[in-house]
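Here are a few short exercises on salt bridges and on the contact between two domains. Have the coordinates open, try each task, then compare with the worked solution.

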Amino acid sequence: MNKKYQLIIFDWDGTLMDSTAQIINCMHLASKEVGAEQRSDADIRNIIGLGLEEAIHALYPQATHNFIDKTAIVYRDYYLFKDKTPSPLFAGVVDMLDELREAGYDLAIATGKSRRGLEKGLDETKLQDYFPITRCADETRSKPDPQMLSEILTDYNTHPTNALMIGDSVYDLQMANNAKMASLAVTYGVHDLQRLMQQKPVDHVTSASHISKKIKDLNE
């Protein structure tokens with residue numbers, strides 16, 4: 001049976017990996033090291049999903065390019081090497097991905113992380129083989145620009161109407177809207193249900209373990 005949504009594109013942070021605490025901690029450490037005024041956990045949580053430079057600019061709107069570049073370098077050093085805050089996969093992610101792969105879906109990742117950050121996460125979680133195609137913010141444009149989705153669609157030779165973007169932030173869903181693609185919201189990440197539903201996803205799930213069944217239902 002032909003599937004309405006054959007290509008399933010996942011966000012990473014807050015959708016597959018529970019990395020919010022580590023991202024918040026690294027941003028606090030980076031801003032302290034560069035001498036910037038501290039932002040609240042809620043402020044940092046709100047910008048998760050954007051590319052790093054765009055996230056720093058959102059936290060410090062008056063910042064210079066030099067400040068943004070310096071803070072990004074320090075942040076990456078903490079995230080990639082120094083900070084040891086655990087970032088596990090959400091419960092049920094591996095089983096869910098197994099179910100989708102066994103059902104014949106094409107899988108991809110579109111993330112605000114850098115390539116080095118995503119490769120670190122894929123290596124730590126052993127999920128490389130699930131995702132033949134991935135795109136990162138430092139290779140294309142930050143969400144909500146649709147460029148990374150457009151490139152994934154091209155790689156899979158798939159029309160936007162046959163793809164589904166899954167994410168936990170409004171930036172994920174806005175990106176899908178900008179690409180004329182349907183989206184599925186997950187409510188266990190950084191943004192709450194009310195805010196996510198303003199972007200008109202086709203539906204939402206409250207757990208990663210519910211994603212494969214929800215996709216099956218949407219395809220019936």
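**Exercise 1. Which residue does Glu-119 meet in a salt bridge, and how are the two placed in helix α6?**

Step 1: The side chain of Glu-119 forms a salt bridge with that of Arg-115, at 2.8 Å from N to O. The rule asks for a side-chain nitrogen of Lys or Arg within 4 Å of a carboxyl oxygen of Asp or Glu.

Step 2: Both residues belong to helix α6 and are 4 residues apart, so about one helical turn separates them. Helices are DSSP runs of H or I with at least four residues, strands are E runs of at least two, and both are numbered from the N terminus.

Step 3: Glu-119 has a relative accessible area of 36%, so Glu-119 is partly exposed. Under 20% is buried, over 50% exposed, and partly exposed lies in between (1.4 Å probe, protein chains only).

A note on the ground rules: this is a predicted model, where local features need pLDDT of at least 70 and side-chain atom pairs count only at pLDDT 80 or more, while totals for chains, interfaces and linings use all residues. Residues are numbered from 1 along each chain as its sequence is written, and side-chain values use heavy atoms, leaving out hydrogens and water.

**Exercise 2. Is Lys-143, the salt-bridge partner of Asp-11, buried or exposed?**

Step 1: Lys-143 and Asp-11 pair through their side chains at 2.8 Å, N to O.

Step 2: Lys-143 sits in the loop between β3 (133-136) and α7 (147-156), Asp-11 in the loop between β1 (7-10) and α1 (20-33), and their positions lie 132 residues apart in the chain.

Step 3: Lys-143 is at 2% relative accessibility and therefore counts as buried. Asp-11, at 2%, is buried too.

Step 4: Through shared partners, salt bridges join Asp-11, Lys-143 and Asp-172 into one network.

**Exercise 3. How much area do domain 1 and domain 2 bury between them?**

Step 1: Take the bounds from the automatic or database domain assignment: domain 1 is 7-17 + 88-219 and domain 2 is 19-82.

Step 2: The two bury about 1400 Å², with 49% of it on carbon and sulfur atoms. Buried area is the accessible area (1.4 Å probe) that two parts lose on being put together, summed over both.

Step 3: On the domain 1 side, Lys-120, Tyr-171 and Val-190 lose the most area, together 34% of what that side buries.

Step 4: Count the salt bridges between the domains: there are 0.
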